Amino acid sequence: QVQLVESGGGLVQAGGSLRLSCAASRSISSIRDMGWYRQAPGKQRELVATVTTGGGTNYADSVKDRFILSRDNAKKTMYLQMNSLKPEDTAVYYCNAFIFPRDGRQGYYWGQGTQVTVSS
């Protein structure tokens, strides 16, 4: 069964930092591109950042120079280091990845989401 499990969310004051993790289940053969998305109340889900298999990254303008995305292919895990957090970063953060399962259909999968709340 393919699973992406996020962790690391929580409540932090503005200016603080959090590190999110997204770990893939062992039933996965390999992972292609990965990314983080977020959805604030009343808003559409938006791209935060993506990373290719080779480590190439792309960031939304709103998080550039504050967030750092990385991945460990051996551990099938992706990380999002979030610094200088702002109240407008408050959202549920979702992990997304293109997965080649050992059994099952390849395609994009989503994690269950982790809440990030930044207080002013």
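## Burial and surface

Of the 120 residues of the protein, 42% count as buried. The model is predicted. The accessible surface of the protein comes to about 6,500 Å². Carbon and sulfur atoms account for 46% of that surface.

The protein carries 14 positive and 9 negative charges. The mean positions of the two sets lie 5 Å apart.

## Overall fold

The protein has 11 strands and 0 helices. Read from the N terminus, the order of elements is β-β-β-β-β-β-β-β-β-β-β. The radius of gyration is 14 Å, close to the 14 Å that the globule rule gives for 120 residues, so the protein is as compact as a globular protein of that length.

Along the principal axes, the C-alpha atoms fill a box of roughly 45 × 25 × 20 Å. Contacts can also be sorted by distance along the chain. Among contacts with a separation of 6 or more, 56% join residues 24 or more positions apart.

## The disulfide

How many disulfides does the protein have? The count comes to 1. The partners are Cys22 and Cys95, with their sulfur atoms 1.9 Å apart. This pair links distant parts of the chain. Cys22 sits in strand 3, residues 18–24. Cys95 sits in strand 9, residues 91–101. The two cysteines are 73 residues apart.

A disulfide is a covalent bond between the sulfur atoms of two cysteines. The angle about the S-S bond is -65° for Cys22 and Cys95, and the link is left-handed. Are the two cysteines, Cys22 and Cys95, buried or exposed? Both Cys22 and Cys95 are buried.

## Strand 9: Ala97

Strand 9 also holds Ala97. Ala97 has a relative accessible area of 0%, so it is buried; the cut-off for buried is under 20%.

Which residues does Ala97 contact, leaving aside neighbours within four places in sequence? The list is Leu4, Ile31, Asp33, Met34, Gly107, Tyr108 and Tyr109. Phe67 is not among the partners listed for Ala97. Ala97 and Phe67 are 30 residues apart in sequence, and their C-alpha atoms are 18 Å apart.

## Two positive phi angles

Two residues other than glycine deserve a look at the backbone. Lys76 has a phi near 55°, a positive value, and is not a glycine. Lys76 belongs to the loop between strand 7 (67–72) and strand 8 (77–82).

Ser84 is not a glycine either, yet its phi is positive, at about 50°. Where is Ser84 placed? Ser84 is in the loop between strand 8 and strand 9. With 41% relative accessibility, Ser84 counts as partly exposed, because partly exposed covers values between 20% and 50%.

## Ser25: a buried loop residue

Ser25 lies in the loop between strand 3 and strand 4, the latter spanning residues 28–39. Is Ser25 buried or exposed? Its relative accessible area is 15%, so Ser25 is buried.

Residues up to four places away in sequence are set aside here. Ser25 then touches Gln1, Val2, Gln3 and Lys76. One of these partners, Lys76, is the residue with a phi near 55°.

## Thr57 and Asp72

Thr57 lies in strand 6, residues 57–59. Thr57 has a relative accessible area of 39%, so it is partly exposed. Not counting residues up to four places away in sequence, Thr57 touches Thr50, Val51 and Leu69. Thr57 and Leu69 are 12 residues apart in sequence. Their C-alpha atoms are 7.1 Å apart in space.

Asp72 is placed in strand 7. Its relative accessible area is 25%, so Asp72 is partly exposed. Which residues is Asp72 in contact with, leaving aside neighbours within four places in sequence? Asp72 is in contact with Thr77 and Tyr79. Asp72 and Thr53 are 19 residues apart along the chain. Their C-alpha atoms are separated by 9.5 Å.

Conventions:
Residues are numbered from 1 along each chain as its sequence is written. This is a predicted model: local features need pLDDT of at least 70, side-chain atom pairs count only at pLDDT 80 or more; totals for chains, interfaces and linings use all residues. Side-chain values use heavy atoms; hydrogens and water are left out. Helices (H or I, at least four residues) and strands (E, at least two) are DSSP runs, numbered from the N terminus. The radius of gyration is taken over C-alpha atoms; the globule rule is 2.2 Å times the number of residues to the power 0.38. Buried means under 20% relative accessible area, exposed over 50%, partly exposed in between (1.4 Å probe, protein chains only). Contact means heavy atoms within 4.5 Å. Accessible areas come from the Shrake-Rupley method with a 1.4 Å probe; for residues, only the protein chains shown count as cover. Lys and Arg count as positive and Asp and Glu as negative; His and the chain ends are not counted. The place of a charge is taken as NZ of Lys, CZ of Arg, CG of Asp or CD of Glu. A disulfide is a pair of cysteine sulfur atoms within 2.5 Å.
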